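Subject: A structure for you to look at

Dear colleague,

I am passing on the structure we talked about, and I would be glad if you kept it open while you read my notes below.

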Amino acid sequence: MAGLKPAAAAYLEGLNPEQRRAVETTDGPVLVLAGAGTGKTRVLTTRIAHLIATAKARPFDILAVTFTNKAAREMKARIGALVGPAGEGMPWLGTFHAIGTKILRRHAELVGLKSDFTILGTDDQLRLMKQVIADQNIDEKRWPARALASAIDGWKNRGLGPEQVPPGEAGAFAFGKGGALYAAYQARLATLNAVDFGDLLLLCLKLWRENPDVLENYQQRFRYILVDEYQDTNVAQYLWLRLLAQGHRNVACVGDDDQSIYGWRGAEVDNILRFEHDFPGAAVIRLERNYRSTGHILAAASGLIAKNEGRLGKTLRTEEVPGERVTISGAWDSEEEARLLAESIESLQATKHPLAEIAVLVRISAQMREIEDRFVQLGLPYRVIGGPRFYERAEIRDALAYLRITANPADDLAFERIINTPKRGLGDATLQQLHGYARSERIPLLLAARKLVETDELKPRVRSTLRALVESFTRWARAIETMPHSEVAQTILEESGYTEMWQKDRSADAAGRLENLKEFVRSMEEFPDLAAFLEHVALVMDASEAEGADRVSLMTLHAAKGLEFDTVFLPGWEDGLFPNQRALDESGRAGLEEERRLAHVGLTRARKRAKLSFAVNRRIHGLWSSTIPSRFIDELPEASVDVIEAPAHFSAGASRFDRNPQPFGSSYGTPGWQRAQANTSAGGRNFGSAPGGRAAGRSAGGPRQIEGELIAKSTGSPSAFSGGMRVFHTKFGPGTVAGVDGNKLTVDFDKAGRKMVLDSFLQPG
Ligand code: ATP
Ligand code: MG
């Protein structure tokens, strides 16, 4: 092993003393509790390299848990780079689910399965749940399968099998039958030789509890255990780890309570606090130097997260330059926001900023549609991380298939896609019959169906279902002649049962899919007719993901965990969207704090530049609403942010102070255009007038009138300050007023330069 010594020195070099301690404290429990960008993941990777290089462990002795498969691949590559071929292999490096599956396949028979068991997708799971409910003669309308599924999921996340559910909880569903239903569901899974996602961990727990020899074998095998993103483990994962770690007790977990963003999926940040209790004598190591972000970004992120009450609290410092302030810009609506964002990327590109170092992080995936459309229009190469591109999403392709047939009854590919989606009992056998007939007659499938339902070729039930579908398409095709195409699309999604299919789905992503479908319907309004819309989509889809590595990354904030980019765009910082109303409604204060952690995760992805934006008008559930900037914006420390207005908003001086609101416009055609409300960002920065008075107004009459309304309400009482006055600001010192916009002033400070400030922060100087 002597030959490895020089390499050892090389990989340890550059670590700070605490990091080095976290790497070299190989034996015994270690908890690294540290903020974003402090090198936690780097510590884990180096630790694995160190274990291998010093021959403390062989790659297959190490269990390393990452949060995503992508992170697992990257970690493997980095270990390889650190210790060369010795680090190859790592069979036990992966996500909880991947490792759980591997273990279960080896011992399937001990938990009543065969090793080739199936892992059920969510729709199969739901169907099974329905059968179980029906078997017990329970009214599914009253006690929906979805509710049962989420209860069972919750129990599994907490490591509870059917016999362990507290009686009170088990009784809450269907007059005391919840527990029995859970047991029946598990029994059905077993007969099908199938498991659901929750079982991948739960059945490991059962395996180990019932077979101490198997547990001991794994406890011996895993000499070293490492866990990244520990703050997002749920109870089942925690129990799983704790059982395994009882062997050698060499368990190293790294995490950050401020980045816990999966509470809605059962993650328990308390696991961090319990670590020291469960592993007495654990070395707890804190890393305080952030290596990722420049000063202002770190200050903004730290200032924001300080507003959370439920946190351990920690210091973070950077030795980087202060760098650029976090910018905040307002846009008129989400379309303009997407346009400005893309323009901003283009100007960065012009300065040779690599696109691969730019990320756009959104709160919900439906936000991606306008941004992607813009990118495609401009030919900006991009990739969507953690999911497909908007128009490639399964639910969007399904919706498109319905529309394609409506526009073109000969579109057989589309017909095949949706004939049994949602499931309506028109399975493979029916499709084959249709195919046979269509081929022999040389006609498209839909026409074949139309003819077949007039014969006795089909079973009566199939025949009536298919007839209904065929008639629906006839009706929809007729509707497209008279009704607005987006309304027809809405009708199709409802009448076909497609929307309902997702409404009934209880999987975590169902709500997101419904939002995507709404966004899809809404996007159609931008086109004169269905044909134009379908042509646009075809073009977008054809702009196949650009080759090569230099692409902008687009993803949700949840998918951004652990990643870093030079420049990060954070659009959609509006109350309701972010913090997200659903999180607030469901979890109240805890929900708000989780949203704030999500915002913190977003900001801390940036190395050099973080650019926030919001739109003052957004279509929510198909209705235009005026929005107010996210409360998170008000919570950012003033000294680290720059409020930037889109050039169009503030270029022409005169129109900017237009205080003559026109009456609320009735000329604007869109139904549901809601009366713009006053911007009530009380006390904080008032952005209400940000998009107002754009010099180059839009062609449509409505928005401009709304702007007037917005300005009138947001500017409030006239400021006591006027141009040319000398003023004093507690943070920026003395300066001269350069412009007044209601209570918002542009001031040329003697030292700090030009800033936007609120008059309440100023004194006459
Ligand atoms: P997160 O909480 O976001 O997951 P993290 O704590 O896992 O962050 P890393 O991703 O490991 O942080 O590190 C952040 C960045 O800092 C990486 O680019 C990493 O290479 C760099 N870094 C970490 N430690 C050092 C060091 N000692 N010297 C130089 N760069 C470092
Ligand atoms: Mg990390």
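This is a predicted model, and I began with the surroundings of ligand 1, where 18 residues are found and where Gly14, Lys40, Gln259, Glu564 and Arg605 come nearest. When those 18 residues are sorted by character, the shell around ligand 1 turns out to hold three nonpolar, 10 polar and five charged residues. Among the structural elements, helix α3, which runs over residues 40–53, gives the most to this shell, namely three residues.

Some polar atoms can be placed in more detail. A polar backbone atom of Gly39 is 3.0 Å from an oxygen atom of ligand 1, and for Arg42, again with a polar backbone atom, the distance to an oxygen atom of the ligand is 2.9 Å. Thr41, by contrast, uses a polar side-chain atom, which lies 2.8 Å from an oxygen atom of ligand 1. On its own, ligand 1 has 630 Å² of accessible area, and the protein covers 85% of that.

Ligand 1 lies between domain 1 (2–104 + 203–287) and domain 3 (326–381 + 547–645), because both of them give residues to the shell around it.

Lastly, please keep the confidence of the model in mind: the mean pLDDT of the protein is 83, and 86% of its residues reach 70 or more. Over residues 1–8, however, the pLDDT is below 50, and this stretch has three contacts in the model beyond near neighbours in sequence. Residues 646–717 also have a pLDDT below 50, although 132 contacts beyond near neighbours in sequence are found for that stretch in the model.

With best wishes

Definitions and conventions
Residues numbered from 1 in each chain as written. Chains lettered and ligands numbered in written order. Predicted model: local features only at pLDDT ≥ 70, side-chain atom pairs only at ≥ 80, totals over all residues. Heavy atoms only, no water. Near = heavy atom within 4 Å. Polar contact = N/O pair within 3.5 Å; in protein donor to acceptor, adjacent residues only side chain to side chain. Areas by Shrake-Rupley, 256 points an atom, 1.4 Å probe, with all protein chains shown as cover. Helix = DSSP H or I, 4+ residues; strand = E, 2+ residues; numbered from the N terminus. Nonpolar A, V, L, I, M, F, W, Y, C, P; charged D, E, K, R; others polar. Domains from an automatic or database assignment. pLDDT = per-residue confidence, 0-100. Contact = heavy atoms within 4.5 Å.
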